[in-house]
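Let's take a friendly walk through one protein chain, from its helices to its rings and cysteines. Keep the picture open beside you as you read.

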Amino acid sequence: MTTYDLDISNSPLNSPQTLPLVSIDLIAKVNAPILIVAPHPDDETLGCGGLIALLRQLHLTVEVLIVSDGTQSHPNSLKYPAPVLKELRACESLAALGILGVDSTAVTFLGLPDGGVENSRQSPEAIAACDDYLKRIQPSLIFLPWRQDPHPDHRASWQLLKLCSSNLLHQPRIIEYPIWDWDHKQRQEFTASVSAWRLDISDVLELKKKAIARYLSQISDLIDDDPQGFRLSVEMIANFTQPWEIYLELS
């Protein structure tokens, strides 16, 4: 692995093609469930879709926890008010994960408010729900959003899961994945020393692309009555449709 004492100027995302390329064999030696944590419905597919597909092809147990309800992507839509948008985004996640090989019974929606995970993560209810979930599935490996991701919901999701995972009897391995650091305009100064590497997902890239395409609310004009609504740019999506995914792990 390549180790970086990271700041913006030497982020591994500046030249990802130079990172070591590894196979799924690096991950596939664990026995207990592998947990993928997504701050919003779609982060699991964008950041880890290839990983998920490869793990499921090896018949490994993959659990997915989606932290927020995703209802702030189009807050002014009358066609898709918050309860309707919440249901739509959950359905999109289930459809995308189904393509990647994950059954709906392995997907859990924590339901914290989109844009408010930072405020909600410290609530006794959120901590108890997360604690109960982790104790039930007992993951040996957790994939979390990068701890310094520019989006506050992503950082707060990392903080919540890190706090609750510390209560487990057997401490899981933690691996992190970038989302909004791909946007160089938002990229934050990295202050942690990490190992960075690429996972080869070339064999399942088309599956991942099909899964991403299920998120019509995020990549198309499906919701057309909110001019300020969110939409992933073509340039941003391109970062997630490479034949590899990037992962970070503390050195």
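## Two helices to start with

Helix H1 covers residues 43-57, which makes 15 residues, and it reaches 20 Å from its first C-alpha to its last, close to the 21 Å expected at 1.5 Å a residue. Bear in mind that you are looking at a predicted model. H1 has a kink of about 75°, and the kink is centred on Gly49. Of the 15 residues of H1, 13 are buried, so this helix is largely enclosed by the rest of the structure. Just after H1 comes His59, with a positive phi of about 65°.

Now move along to helix H4, residues 124-137. H4 has 14 residues and reaches 20 Å between its first and last C-alpha, close to the 20 Å expected at 1.5 Å a residue. Which residues of H4 are buried? They are Ala126, Cys130, Asp131, Tyr133, Leu134 and Ile137. These residues cover an arc of only 165° around the axis, which puts them on the same side of H4. A general rule helps here: an α-helix has 3.6 residues a turn, so residues three or four places apart point the same way.

What lies over that buried side? The cover includes strands E3 (34-38), E4 (62-68), E5 (107-112) and E6 (141-145), along with helices H3 (117-120) and H5 (152-165). The face of H4 turned away from its buried side carries the exposed residues Pro124, Glu125, Asp132 and Arg136. After H4 comes Gln138, whose phi is positive, near 50°.

## Rings that meet

How many aromatic pairs does the structure hold? There are 4 aromatic pairs. One of them joins Phe143 and Tyr247 in an edge-to-face arrangement, with 5.4 Å centre to centre and 70° between the planes. Phe143 lies in strand E6 and Tyr247 in strand E9 (residues 244-250), so the pair ties together parts that are 104 residues apart in sequence. Both Phe143 and Tyr247 are buried.

Another pair is formed by Trp182 and Trp244; this one is tilted, with 6.4 Å centre to centre and 35° between the planes. It also links distant parts of the chain: Trp182 sits in the loop between strand E7 (173-177) and strand E8 (193-200), while Trp244 is in strand E9, 62 residues apart. Trp182 and Trp244 are buried as well. Finally, Phe143 and Tyr247 join Trp197 in one aromatic cluster.

## Cysteines and disulfides

The count of disulfides comes to 0. Take Cys130, one of the buried residues of H4: it is in no disulfide, and the nearest cysteine sulfur, that of Cys164, is 3.7 Å away. A disulfide would need the two sulfur atoms within 2.5 Å. Cys130 counts as buried because its relative accessibility is 0%. Cys91, with 40% relative accessibility, counts as partly exposed.

Cys48 brings us back to helix H1. Its relative accessible area is 0%, so Cys48 is buried. Leaving aside neighbours within four places in sequence, Cys48 is in contact with Ile36, Asp43, Phe143, Tyr177, Glu245 and Tyr247. You have met two of these names already: Phe143 and Tyr247 form the edge-to-face pair.

## Two more places to visit

Where is Ile174 found? Ile174 is in strand E7. With 16% relative accessibility, Ile174 counts as buried. Apart from neighbours within four places in sequence, its contacts are Ile142, Leu144, Lys162 and Glu249.

Asn167 has its place in the loop between H5 and E7. Is Asn167 buried or partly exposed? At 43% relative accessibility, Asn167 counts as partly exposed.

To finish, here are some separations to look for in the picture, each taken from C-alpha to C-alpha.

| Residues | Apart in sequence | Apart in space |
|---|---|---|
| Asn167 and His154 | 13 residues | 21 Å |
| Cys48 and Pro20 | 28 residues | 17 Å |
| Ile174 and Leu232 | 58 residues | 27 Å |

Definitions and conventions:
Residues numbered from 1 in each chain as written. Predicted model: local features only at pLDDT ≥ 70, side-chain atom pairs only at ≥ 80, totals over all residues. Heavy atoms only, no water. Helix = DSSP H or I, 4+ residues; strand = E, 2+ residues; numbered from the N terminus. Expected span 1.5 Å × (residues − 1). Buried < 20%, exposed > 50% of the residue type's maximum accessible area, 1.4 Å probe, protein only. Arc of directions from axis to C-beta. Contact = heavy atoms within 4.5 Å. Bend = angle between axes of the 7 residues up to and from the residue. Phe/Tyr/Trp six-rings, centres within 6.5 Å; stacked < 30°, edge-to-face > 60°.
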